[in-house]
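Reader: I'm new to looking at protein structures. Could you walk me through one, a question at a time?

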Amino acid sequence: MQQSRFLLVDFDGLLASVRTHMRLQPAVFGVGCSSEASPLDAQKLMALLSGQEAVACRRGVFYGRNASEERAFTAAGWELSKKPALDHRSLETLLKSNLADAGVCEGRQRKTLVLATGEVSVSVLKTLEAYFQASWRVQLYCLRRSGTKMVDRLRVEHPSNFQGVYLDRFMKELLREKPKDGVASTLEPSNQDEEEQRVASADGNDRFVFMDLDSIAGTLFKSSTLYQKVLGASSARDVRLNFRALTDRTCGSDPAKVKRQVVRYAKTNPHLAQGLLALHWVLKKQSTSNAVPSHLELLTQLIATNPDGTHKTLVLVMGDGRLDAVSKGLLAVLVAMQWRIEVHAWLDSLNDVFLALQGEYPTSVVVKPLDQDLSELVYLKQTDAAAPKAVKSSEIVSATVSTPGAAPVGLTAVPERGMGLELSRLQQQMHEMQQAFAALQTSSASWKATQQSEEVERRLQLQQDEFARRLHEQEEAFDADRHELTQKARDARLKHRLALQEREEMLTCPITQCLYETPVVTVCCGKTFSKAALDGLQGRDRSCPWCRQQRGFTTHLNRDMAILVQQYKAECDAFEEEA
Ligand SMILES: [Zn+2]
């Protein structure tokens with residue numbers, strides 16, 4: 001009978017439960033020993049899990065950032081896959097790919113999955129079912145405290161193919177021997193420095209940022225788990241993306257280093273996408289039927305225009321669920337050209353492409369799961385007034401990105417591999433030419449417009465001058481007329497005054513030299529005097545002052561003269577008023 005064991009370990013889960021186990025029994029394990037970098041001896045663990053059968057593989061998933069710990073496991077013969085985040089489902093991925101690689105048990109084969117882990121999640125349990133269906137045997141190594149429930153359940157469901165082993169009683173044998181003074185501890189800081197240096201060295205790079213908004217927003221709003229991590233959210237509809245935080249995280253702190261900042265979307269609500277404009281993103285709305293996805297365009301363009309990727313970082317803000325083979329190839333080309341690649345994505349939308357690239361090129365590719373900063377990137381929908389300051393209400397309009405169950409967001413028709421590449425290059429070139437042509441047209445059009453407007457302006461000026469000249473002429477003519485009229489009016493008035501004066505003389509009493517008052521006329525010589533003046537002048541003889549006649553001197557009222565005096569007075573008043 002052909003027997004083989006497949007050793008798979010979730011080091012994070014296993015180490016966490018081991019530490020808890022030790023912390024709970026200080027009398028046995030000593031105080032403070034559980035805080036050591038790695039309590040387990042990788043070699044001894046391997047020996048325990050291997051047993052007497054042939055071992056087909058020894059693989060593990062590991063998130064820990066402690067480089068010396070990682071090195072110890074690797075040195076002991078474990079093949080480690082680095083988790084992008086502590087809670088990433090890397091174990092499930094590993095289990096699935098292991099089963100896919102090894103296949104079902106046929107004939108006299110007997111394959112055993114030896115799984116060592118901490119708590120067993122429901123999704124891991126589901127994955128194990130596939131092993132049972134493929135006629136595998138499964139051995140689960142865990143601590144009693146974290147595994148009892150699952151072990152009991154599996155023992156009942158698969159009595160002949162399952163074996164649960166509690167590590168509690170092997171604990172003392174599995175522990176690492178205490179390091180001699182400072183041997184291990186001196187290693188750790190230097191390794192951490194290395195890690196920090198690697199990250200820091202990329203900080204000054206030029207950044208070419210590309211975001212697939214459909215992937216980022218779509219994954220958040222479709223996920224059944226992400227919103228649960230936001231306090232107070234009861235569904236995905238309650239949460240919103242903080243675009244400013246997302247931009248700060250992906251574009252970095254130095255705007256001068258950002259060479260491109262493009263966001264592509266096809267299914268996302270355009271109102272939501274508009275919110276990115278204020279944060280300097282260049283929006284690219286794509287029709288879903290577009291054959292050449294814009295990230296492909298971007299990659300080919302970067303390769304064509306930036307053959308030397310030194311000090312350059314391509315920042316992809318997207319999952320890799322729908323990456324085609326062409327894109328994978330292009331990413332590898334970029335790495336070969338010394339580009340650094342940074343990926344920001346939700347764990348839900350990370351499949352294996354980016355993680356595999358990270359595993360293959362650990363110094364060039366880094367995956368930074370958005371989940372780690374969920375509290376910054378996602379917030380609970382509130383009234384607009386209470387929303388985070390950085391986010392305007394226009395940025396957070398209710399985003400029905402894509403209805404659940406609809407076709408996945410993203411690229412639909414991917415062209416044939418080689419042709420697609422050629423096609424996108426051509427399209428890119430044509431696009432650039434179109435832009436240049438448009439720019440040319442715009443500039444020549446504006447030149448023409450300038451010419452025309454100058455001509456119009458010149459003519460306008462001429463017209464204005466002519467108008468001013470004529471206006472001036474008319475004004476002068478008018479002034480002359482007015483002057484003449486004024487002169488005439490003055491003459492007329494003068495004549496009028498002279499005529500009045502002549503009349504006044506005729507209406508003046510010869511005694512008083514004033515206008516007649518109650519004019520009386522003498523019978524003797526027919527002369528007119530003001531009555532009071534005549535009465536005062538006459539002596540006792542009552543003779544006529546004009547002809548000296550005494551006998552029978554009589555007068556009577558000159559009514560006509562009285563009327564003439566009245567008319568004259570009225571005319572004089574009118575003349576004075578005119579003045
Ligand atoms: Zn007289």
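Author: Sure! One thing to know before we count: helices (H or I, at least four residues) and strands (E, at least two) are DSSP runs, numbered from the N terminus. Keep in mind, too, that this is a predicted model.

Reader: Okay, how many helices and strands are there in the chain?

Author: The chain has 579 residues, and 42% of them count as buried. Among contacts between residues at least 6 apart in sequence, 72% join residues at least 24 apart. As for the count, the chain holds 19 helices and 17 strands.

Reader: Let's take α19. What distance separates its end C-alpha atoms?

Author: Helix α19 covers residues 559–578, which makes 20 residues. At 1.5 Å a residue, α19 should span 28 Å. That agrees with the model, where the end C-alpha atoms are 29 Å apart.

Reader: Within what arc do the buried residues of α19 fall, seen down its axis?

Author: The buried residues in α19 are Met-561, Val-565, Tyr-568, Cys-572 and Phe-575. An α-helix has 3.6 residues a turn, so residues three or four places apart point the same way. Here the buried residues line one face of α19, because they fall within an arc of 90 degrees.

Reader: And which residues are exposed on the other side of α19?

Author: Flip to the other side of α19 and you'll find Arg-559, Gln-566, Glu-577 and Glu-578.

Reader: Which residues is Met-561 in contact with, leaving aside its neighbours within four places in sequence?

Author: Met-561 lies in helix α19, and with a relative accessibility of 15% it counts as buried, the cut-off being under 20%. Its C-alpha atom is 7.5 Å from that of Leu-507, although the two residues are 54 residues apart along the chain. With those neighbours left out, the contacts of Met-561 are Met-506, Leu-507, Tyr-516, Pro-519 and Thr-528.

Reader: How many of the twelve residues of α13 are buried?

Author: At 1.5 Å a residue, α13 should span 16 Å, and its end C-alpha atoms agree at 16 Å apart. Its buried residues include Ser-294, His-295, Glu-297 and Ile-303. The helix is largely enclosed by the rest of the structure, because the number of buried residues is ten.

Reader: Are α5 and α6 roughly parallel or roughly antiparallel to each other?

Author: Two packed helices are described by the angle between their axes and the distance between the axes. For α5 (residues 90–102) and α6 (residues 122–133), the axes are 10 Å apart and the angle is about 5 degrees. Angles under 35 degrees count as roughly parallel. So α5 and α6 are roughly parallel.

Reader: How do the residues of the contact of α5 with α6 divide into nonpolar, polar and charged?

Author: On the α5 side are Leu-91, Glu-92, Leu-95, Lys-96, Asn-98 and Leu-99, which meet Ser-123, Val-124, Thr-127, Ala-130 and Tyr-131 of α6. Sorted by kind, the residues of this contact come out as six nonpolar, three polar and two charged.

Reader: Which loop is His-311 found in?

Author: Most residues other than glycine have a negative phi. His-311 is not a glycine, yet its phi is positive, at about 60 degrees. His-311 is exposed, with a relative accessible area of 56%. Its loop is the one between α13 and β11.

Reader: Last one: where is Arg-548 found?

Author: Arg-548 also isn't a glycine, and its phi is positive, near 60 degrees. With 60% relative accessibility, Arg-548 counts as exposed. You'll find Arg-548 in the loop between α18 and β17.

Note on methods: Residues are numbered from 1 along each chain as its sequence is written. This is a predicted model: local features need pLDDT of at least 70, side-chain atom pairs count only at pLDDT 80 or more; totals for chains, interfaces and linings use all residues. Side-chain values use heavy atoms; hydrogens and water are left out. The expected span of a helix is 1.5 Å times one less than its number of residues. Buried means under 20% relative accessible area, exposed over 50%, partly exposed in between (1.4 Å probe, protein chains only). The arc is that of the directions from the helix axis to the C-beta atoms. Axes are lines fitted to C-alpha atoms, for helices over the stretch in contact, and angles run from 0 to 180 degrees between N-to-C directions. Angles under 35 degrees count as roughly parallel, over 145 as roughly antiparallel, 65 to 115 as roughly perpendicular and the rest as oblique. Contact means heavy atoms within 4.5 Å. Ala, Val, Leu, Ile, Met, Phe, Trp, Tyr, Cys and Pro count as nonpolar, Asp, Glu, Lys and Arg as charged, and the others, Gly among them, as polar.
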